[in-house]
Amino acid sequence: LLTSGRGEEADRAKATRRRGAPACFCFGRFGRTVVSPNDDFYGPRRAKMQWRSIVVGLLVLRLALNCVLWLAFGLGPSWGFNFPIQFSFSFPRAEPEPGHGGAAAAAAAAARHHGWPRRLYERGERTCSKVSASTPKRSYLSFFREGRDEYDRRYGSFPEALRVRMRTMAKDMFYFGYDNYMKYAFPEDELNPIDCAGRGPDVLNPSNININDVLGNYSLTLIDTLDTLLVLGNVSEFHRAVKLVIDTVSFDKDSTVQVFEANIRILGSLISAHILLTDPRHPFGDVGLENYDNELLHLAHDLAVRLLPAFENTGTGIPYPRVNLKSGVPPDSINETCTAGAGSLLVEFGILSRLIGDSTFEWVARRAVRALWNLRSNETGLLGNVVNIQTGQWVGKQSGLGAGMDSFYEYLLKSYILFGEKEDYRMFKAAYESIQSHLRRGREACNEGEGDPPLYVNVNMFNGQIMNTWIDSLQAFFPGLQVLNGDVENAICLHAFYYAIWRRFGALPERYNWQLQAPDVLFYPLRPELVESTYLLYQATKNPFYLHVGMDILQSLEKNTKVKCGYATLHHVVDKSKEDRMESFFLSETCKYLYLLFDEDNPLHQSGSRYIFTTEGHVVPIDPSFREKSWEEQFPYEEPTKEPPANISNCERIPEERRFALPLKSMYMRQIDHMVGLS
C-alpha cells in the first residue's frame, strides 16, 4: 500500500515513512485513514498505553510475589526446602445464610466443573466469609499458617535442643536398666525388672525353651552389653565390665542352650569387645586395658569349641539347634532346625577363624549355609523356614522375612561386606531377587503410582502363594538390610508400615494381621528391629522424620514399659499389661540404636569410620585383615565372572534436596495409616 497507493493517502504515507516513523492504516466507522506518531491525536493514545503497561506490570509483579510466597512457604517443605516461618493458605469457613440453601446447592453443583472450587464446595468450605466488628483481626501472614500438610508440620524439622534431650533420655534409659541389672541380678543372666531380682535357666523345667535356649548361667546381660558401654563413651565402666567377665564367667556349665542364641549374644559380644580392646584403629581409639592378655578371645574360642558338636553327625551338615555346654548334643535332641538358626553363624564364626588362624569354625558355618542354599526351590528360588537336618526335607514350607528366616539373609550380605567372598554376595543377590519377585506385594514404586503400599508377605516356598495374612515384628529389621543393599526407596516404604503399627499400639505386636488390622500375637519383648532400621535410614538420608520416629519409640518405651527396676516386656500391646522380663537385647541393641540415632558426634559417625553391626547389634570394624585367610583354601567354589560392587552402601546417594522433604509422600503415609487402622 505504501509503495503502490495513489492519491493523498499514499503521498502522506510516503512522507511519513521518509521521516523514519512507522505508518498505520486505521479502519473505522468513517472509512480508512493513515496515522503516524507525528499526528497530533496520537500523543494521548501513547500516554494511555504507557499507563496501561505500568498497571499491567504491577499486577504481574504482585501475582509473581504471591506465587513465590506460595511455592516457598506452602510447597517448599514438600520439595526439600525448609524455612523458619511456615505459611500456607487457609480459607475461613462461612456459614450459609438462612433461606439460601437452594443457591448454595446450585453453586456447589456448578462448581463440580471447576477444579479446586469444586473441592472446596464438596468439603462444605467457602472462599469468603462474613466479617463483623467482633471478627478478630488477622495478619496477612496468618493466611499461610496451619494449612501445611499435617505430616510436614509434624516431621519437617527436629530442633537441636530436642535432639540433645532425646540423646540424654536414651542414655538414662540404658543406665536405668544396666545399673539395676548390676545391682539386683548380676551374675545371673537377666533382670526381672518388676521384682528387682535375677533370672537364670529354668532348671526345674528343661523343656521351657523360651528361657533355657537363651539363659546359660553365664552372666548373659553383662556380656551382651559390653560394647554398648563404649558406644556411650563410658570407658571406665567398659574396663570394669571386662574384668568382671574375665574373673567370673565360665562356659563349663551343665546348660543346654540354643546354638544360634549363644553365638549372636555371647560369642559375638566377646569377639567385638576383644577387637575394640586391642585395635586402636577402630572409631573409639585406644581403649586398651592394662595387662589384658586376650582373655575375651580365649573365652570366645572356648565357647565356639563347645558349640562345634552341633555340626557333627548330621546328614546334611546343617547343625543341631541345641547343645549342652558340657556334654554336647543331648540324646533327645530333635532333628529339625530353622533356617535362620542354622544359617546365621558365619559372621561370628568367620571372624573367630580369622582372628585365631583356624579355619574350622568358618568352614562348618559356611558348609551349613551352602547346604541350606542348595535346598532352595528350583521354581521360586525361595527357602522354607524349618528343615530336617538329616534328610534335608523342608518341614516348614513358609518363606518370609521374619522369625526363622530373617538373619539368614542379613548374614549373606554382611559376610560379603566383612570377608569379601563373592559367593556370599552372589547368594544374597539371588535371594533378594526372589524375595522381590515372590514376597513383595503392592504397587511397583514406593513413592510413585497407584495401588496398595508395598508389603512383604509369607508365601509357600514352592509356588509363591500367600500362606497367611500376618507378619511378625522381626521383619522390621528388613528396611535396615535394604539400606545396606542400596534399596533405600523400598526401605522407606516398609519402615513406614511398621512405624504406623507402632503409632497405633505404642509398641510392635509380635504378629500383626494386615488383613484384619489387628494383632495375632499380642506381646512385645522390647525388640530392637524397628529402632535398628530407623537408625540406618537416618544415617542414609539424614531426614528429620527418622528422629521423630525415634522420639516416638523412646517416649513409648518410657511410658509403657518402665517399671520399678528396669523395663519390662509388654504382655499385651493393647492394655499394656506386663511380664517380668527384660531381655539382654534391650540393652545391647534397643538402647544402643536409640542413643546412636540422636548422638550425631559419636565416634562411629566420624568420617572414615567403617563398621557393621552383627545381628545382635555388636560393633565390628570392617578390617582388611578379615579378607585375608592364613590357611589354605579348603572349600573351592566357582566364582562368578562379574565382580560385585566394592561398596554396596547407599548412604551417600540420597539427593540433598530430599533430606528435608518427607521420605514418603504424605498421600502414601496417609494410605498406610489407613491400612493399619489409624484413620
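Visitor: Which elements each supply at least two residues of the lining of the second largest cavity?

Guide: In the lining of the second largest cavity, α19 and α23 (666–675) each supply at least two residues. The structure is a predicted model, in which local features need pLDDT of at least 70 and side-chain atom pairs count only at pLDDT 80 or more, while totals for chains, interfaces and linings use all residues. Residues are numbered from 1 along each chain as its sequence is written, and side-chain values use heavy atoms, with hydrogens and water left out.

Visitor: What makes α19 an element, and how many residues does α19 give to this lining?

Guide: Helices (H or I, at least four residues) and strands (E, at least two) are DSSP runs, numbered from the N terminus. Helix α19 covers residues 488–505, and α19 gives the most to the lining of the second largest cavity, with four residues.

Visitor: What makes a space in the protein a cavity, and what makes a residue part of its lining?

Guide: On a 1 Å grid over the protein atoms alone, a cavity is a set of points where a 1.4 Å probe fits but cannot get out, and a lining residue has an atom within 4 Å of a point. Tyr155, Ala496, Tyr499, Ala500, Arg503, Met669, Ile672 and Asp673 therefore count as the lining of the second largest cavity. This cavity holds about 40 Å³ of space, a volume being the space filled by probe spheres set on the points, with grid points joined across faces, edges and corners.

Visitor: How do the residues of this lining divide into nonpolar, polar and charged?

Guide: Ala, Val, Leu, Ile, Met, Phe, Trp, Tyr, Cys and Pro count as nonpolar, Asp, Glu, Lys and Arg as charged, and the others, Gly among them, as polar. On that basis the lining of the second largest cavity has six nonpolar, no polar and two charged residues.

Visitor: How many cavities of 30 Å³ or more are there, and what volume has the largest cavity?

Guide: The count comes to six cavities of 30 Å³ or more, and the largest cavity has a volume of about 50 Å³. Its lining includes Asn385, Leu401, Met405, Asn458 and Asp472. The elements that give two or more residues to this lining are β10 (398–399) and β14 (470–472). By class, the lining of the largest cavity has four nonpolar, six polar and one charged residues.

Visitor: Why is the link of Cys196 and Cys565 called a disulfide?

Guide: A disulfide is a pair of cysteine sulfur atoms within 2.5 Å. The sulfur atoms of Cys196 and Cys565 are 1.8 Å apart, so the pair qualifies. With 85 degrees about the S-S bond, this link is right-handed. The pair joins distant parts of the chain, 369 residues apart: Cys196 is in the loop between β3 and β4, and Cys565 is in the loop between β17 (562–563) and β18 (566–567).

Visitor: How many disulfides does a search of the whole structure find?

Guide: The search finds two. In the link of Cys446 to Cys493 the S to S distance is 2.2 Å, so this pair also meets the criterion. The link is right-handed, with 100 degrees about the S-S bond. With the bonded cysteines numbered in sequence order, the pairing is 1-4, 2-3.

Visitor: Why is Cys196 called buried or exposed?

Guide: Buried means under 20% relative accessible area, exposed over 50%, and partly exposed in between (1.4 Å probe, protein chains only). Cys196 has 14%, so Cys196 is buried. Cys591, at 1%, is also buried, whereas Cys338, at 29%, is partly exposed.

Visitor: What is notable about the phi of Cys196 and of Asn291?

Guide: Most residues other than glycine have a negative phi, and most peptide bonds are trans. Cys196 has a positive phi of about 55 degrees, and Asn291 has a positive phi of about 70 degrees. Asn291 lies in the loop between α11 (259–278) and α12 (295–307); its relative accessible area is 69%, so Asn291 is exposed.

Visitor: Is the peptide bond from Phe186 to Pro187 cis or trans?

Guide: That bond is cis, with omega near 15 degrees. Pro187 lies in the loop between α6 (160–184) and β3 (190–192).

Visitor: What makes the pair of Arg370 and Glu423 a polar contact?

Guide: A polar contact is a pair of N or O atoms within 3.5 Å; within protein, one must be able to donate a hydrogen and the other to accept it, and residues adjacent in sequence count only if both atoms are side-chain atoms. The side chains of Arg370 and Glu423 make such a contact at 2.7 Å. Arg370 is in helix α15 (residues 360–373), and at 14% relative accessibility Arg370 counts as buried.

Conventions
On a 1 Å grid over the protein atoms alone, a cavity is a set of points where a 1.4 Å probe fits but cannot get out, and a pocket is an open set with protein on both sides within 12 Å along at least five of seven lines; lining residues have an atom within 4 Å of a point.
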